[in-house]
Amino acid sequence: MFRLQLSTDRRKVMSQAKPFVISKWQVMRAFELVKANAGAAGIDQQTLAEYEGNLQDNLYKLWNRLSSGSYFPPAVKAVAIPKKSGGERLLGIPTVNDRVAQMVVKLKFEPAVEPHFLADSYGYRPNKSALDAIGVTRERCWHDDWVLEFDIKGLFDNIPHDLLLKAVDKHTDCPWIRLYIRRWLTAPMQMPNGEQVSREKGTPQGGVISPLLANLFLHYVFDKWLQKYYPNTPWCRYADDGLVHCRSEREAKQMLTILEQRFKACGLELHPLKTKIVYCKDGSRKGRYENTAFDFLGYTFKPRLCKNRKRNSLFVNFTPAVSKVALKAMRLKIRKLRIRMRTELSIEQLAQWLNPIINGWIGYYGRYYRSALYAMCRHFNKTLVRWARRKFKALRWHKTRAAQFLEHIAEQCPNLFAHWRVGMTGAFA
């Protein structure tokens with residue numbers, strides 16, 4: 001823990017003078033969590049490593065300002081990142097110091113609101129994951145024929161401050177939590193051209209406290225509201241992506257109209273292109289409709305040929321598998337790593353470097369219908385072929401010879417790469 005460079009008497013005087021009781025341990029714990037999450041520098045260009053280089057001084061100053069009520073957050077840095085669906089979204093990146101301050105408030109505020117959140121809210125919550133949401137959605141699609149898939153347009157940019165603060169005040173009477181959340185909501189955003197833009201709504205996507213605030217807002221706008229007025233309607237939400245399961249097309253259309261009105265009344269809008277009604281077609285559902293597939297959290301739900309292990313027969317099931325968008329992102333990641341250029345590495349060193357990435361993909365996208373990941377495995381293996389041809393350039397290997405070389409290694413060392421270990425060796429040619 002950082003120490004105060006003050007005499008005992010002066011420490012006592014300062015402690016008595018501070019209006020807010022915030023433990024130095026809370027500030028230190030907040031820094032440890034921020035460090036574990038990594039992240040880019042804010043408008044001051046200070047990195048985590050630089051901040052840690054003078055950690056004791058930085059944390060003391062932050063604690064002192066937070067405890068005295070004199071902490072004012074700096075502007076957040078606007079960074080444009082590409083969307084998977086095309087276009088760009090603006091992230092608001094706080095400074096390292098501000099991320100620590102936000103974490104201090106989150107550590108205090110989250111335990112007060114988390115017990116009130118409902119079971120079918122999965123995004124940004126402890127002990128819940130996107131795979132949990134995929135699993136429960138998979139089962140519900142087997143029971144109900146229709147799904148209303150909805151996406152909230154620009155959620156983080158459009159949350160009305162008055163409604164959000166009303167929810168915050170409902171769950172805490174702690175004055176410093178209320179004070180600092182208000183200040184973060186109105187902190188300006190510094191655009192890439194240096195211009196600072198004031199904000200009258202929204203909470204920056206990229207802030208430590210923002211996901212919790214967004215969840216709290218949607219808890220009242222959607223989760224709790226749907227539970228109260230439509231208690232027999234199953235739903236699932238992960239941040240701004242949600243699903244409502246319906247028994248008929250008519251019910252789904254009615255629910256779409258109702259949700260559009262509800263979100264509009266709360267300052268939000270459903271995304272017109274990402275919101276649709278889907279028929280969960282399978283072998284026993286014979287209806288013909290335009291939309292029979294939807295994407296959710298990197299998975300595509302659609303009719304697929306599956307095997308009944310008990311009867312050893314095939315049937316058509318409405319089930320999830322890795323989406324084309326996710327596969328494209330994986331291929332792009334492999335290209336950006338420029339694996340074929342890393343000829344200074346041995347194949348063992350390549351495996352050590354790349355296996356954590358492949359393990360992550362298999363762990364998430366391989367949970368359901370793993371065979372759909374074959375395309376990623378084959379692309380990766382072809383990248384290894386290009387690496388081998390470049391590494392052994394003097395041998396003038398044709399791609400067929402390089403593929404045979406790697407096939408031999410896969411036979412001799414089936415545990416070398418993560419996808420080989422799970423039986424997804426794939427083709428090399």
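# Exercises on a predicted model

β10 and β11 form a hairpin with four residues between them, and Asn312 in the turn has a positive phi of about 55°. The model you are looking at is predicted, so please read each exercise below with that in mind.

## Exercise 1: Two hairpins

Describe how strands β10 and β11 pair, and then do likewise for β6 and β7.

**Solution.**

Step 1. Find strand β10 at residues 299–308 and strand β11 at residues 313–322. The two run antiparallel and are joined by 10 bridges.

Step 2. Pick one pair of residues across the hairpin. Phe301 faces Pro320, which sits in β11.

Step 3. Move to β6, residues 235–238, which pairs with β7 in the antiparallel sense over four bridges. Here Arg237 has Gly242 of β7 as its bridge partner.

Step 4. Look at the turn. Two residues separate β6 from β7 in this hairpin, and Ala239 in the turn has a positive phi of about 55°.

## Exercise 2: The surroundings of β7

Which other strand does β7 pair with, and how well is β7 covered?

**Solution.**

Step 1. Besides β6, look at strand β3 (residues 146–151): six bridges join β3 to β7, and the two run antiparallel.

Step 2. Check one partner pair. Leu148 is bridged to Val244 in β7.

Step 3. Now turn to accessibility. A residue counts as buried when its relative accessible area is under 20%. In β7 (residues 241–246), five of the six residues are buried, so the strand is mostly covered.

Step 4. Set this beside the chain as a whole, where buried residues make up 47% of the 429 residues.

## Exercise 3: An open sheet and its edges

Four strands form an open sheet; work out their order and find the edges.

**Solution.**

Step 1. Trace the order, which is β2-β1-β4-β5, with mixed pairing.

Step 2. Find the edge strands. β2 (88–93) and β5 (196–197) each have a single partner strand, so one side of each has no neighbour in the sheet.

Step 3. Inspect a pairing inside the sheet. β1 (residues 76–82) and β4 (residues 189–190) are parallel and share two bridges. Within this pairing, Lys77 is matched with Gln190 of β4.

## Exercise 4: Salt bridges around helix α2

Of the 13 salt bridges in the structure, take the ones made by Glu32 and by Lys35. Where do their partners lie?

**Solution.**

Step 1. Start with Glu32, whose side chain meets that of Arg29 in a salt bridge of 3.7 Å, N to O. Both residues belong to helix α2 and are three residues apart, about one turn of the helix.

Step 2. Check their exposure. Glu32 is partly exposed at 39% relative accessibility, and Arg29 is partly exposed at 43%.

Step 3. Go on to Lys35, which forms a salt bridge with Glu52; their closest N and O atoms are 2.8 Å apart. This pair links distant parts of the chain, with Lys35 in helix α2 and Glu52 in helix α3, 17 residues apart.

Step 4. Compare with the cut-offs again: Lys35 counts as partly exposed at 41%, and Glu52 does too at 32%.

Step 5. For extra practice, find Asp169 and Arg178, whose closest N and O atoms are 3.1 Å apart in another salt bridge. Then locate the network of salt bridges that links Asp145, Asp282 and Arg285.

## Exercise 5: Two surface patches

Which residues form the positive patch, and which make the nonpolar one?

**Solution.**

Step 1. Color the positive patch: Arg338, Arg340, Arg378, Lys382, Arg386, Arg389, Arg390, Lys393 and Lys399.

Step 2. Ask where most of these come from. Helix α14 (residues 374–391) gives the largest share, five residues.

Step 3. Test one member. Lys382 lies in helix α14 and is partly exposed, with a relative accessible area of 32%. A patch residue needs over 30%, so Lys382 passes this cut-off.

Step 4. Now color Leu305, Leu314, Val316 and Tyr369, which make a nonpolar patch of about 360 Å². Tyr369 is in the loop between α13 (347–365) and α14, and this residue is partly exposed at 31%.

## Exercise 6: A glycine in a loop

Is Gly39 buried or exposed?

**Solution.**

Step 1. Locate Gly39 in the loop between α2 (24–37) and α3 (48–53).

Step 2. Read off the relative accessible area of 52%, which makes Gly39 exposed, as the cut-off for exposed is over 50%.

Step 3. Look across to Gly206, 167 residues away along the chain: the two C-alpha atoms are separated by 9.4 Å.

How values were computed:
Residues numbered from 1 in each chain as written. Predicted model: local features only at pLDDT ≥ 70, side-chain atom pairs only at ≥ 80, totals over all residues. Heavy atoms only, no water. Patch = residues over 30% accessible without salt bridge, like charges linked within 9 Å, V, L, I, M, F, W, Y side chains within 5 Å. Areas by Shrake-Rupley, 256 points an atom, 1.4 Å probe, with all protein chains shown as cover. Salt bridge = Lys/Arg side-chain N within 4 Å of Asp/Glu carboxyl O. Lys, Arg positive; Asp, Glu negative; His and termini not counted. Charge placed at Lys NZ, Arg CZ, Asp CG, Glu CD. Buried < 20%, exposed > 50% of the residue type's maximum accessible area, 1.4 Å probe, protein only. Pairing = 2+ DSSP bridges.
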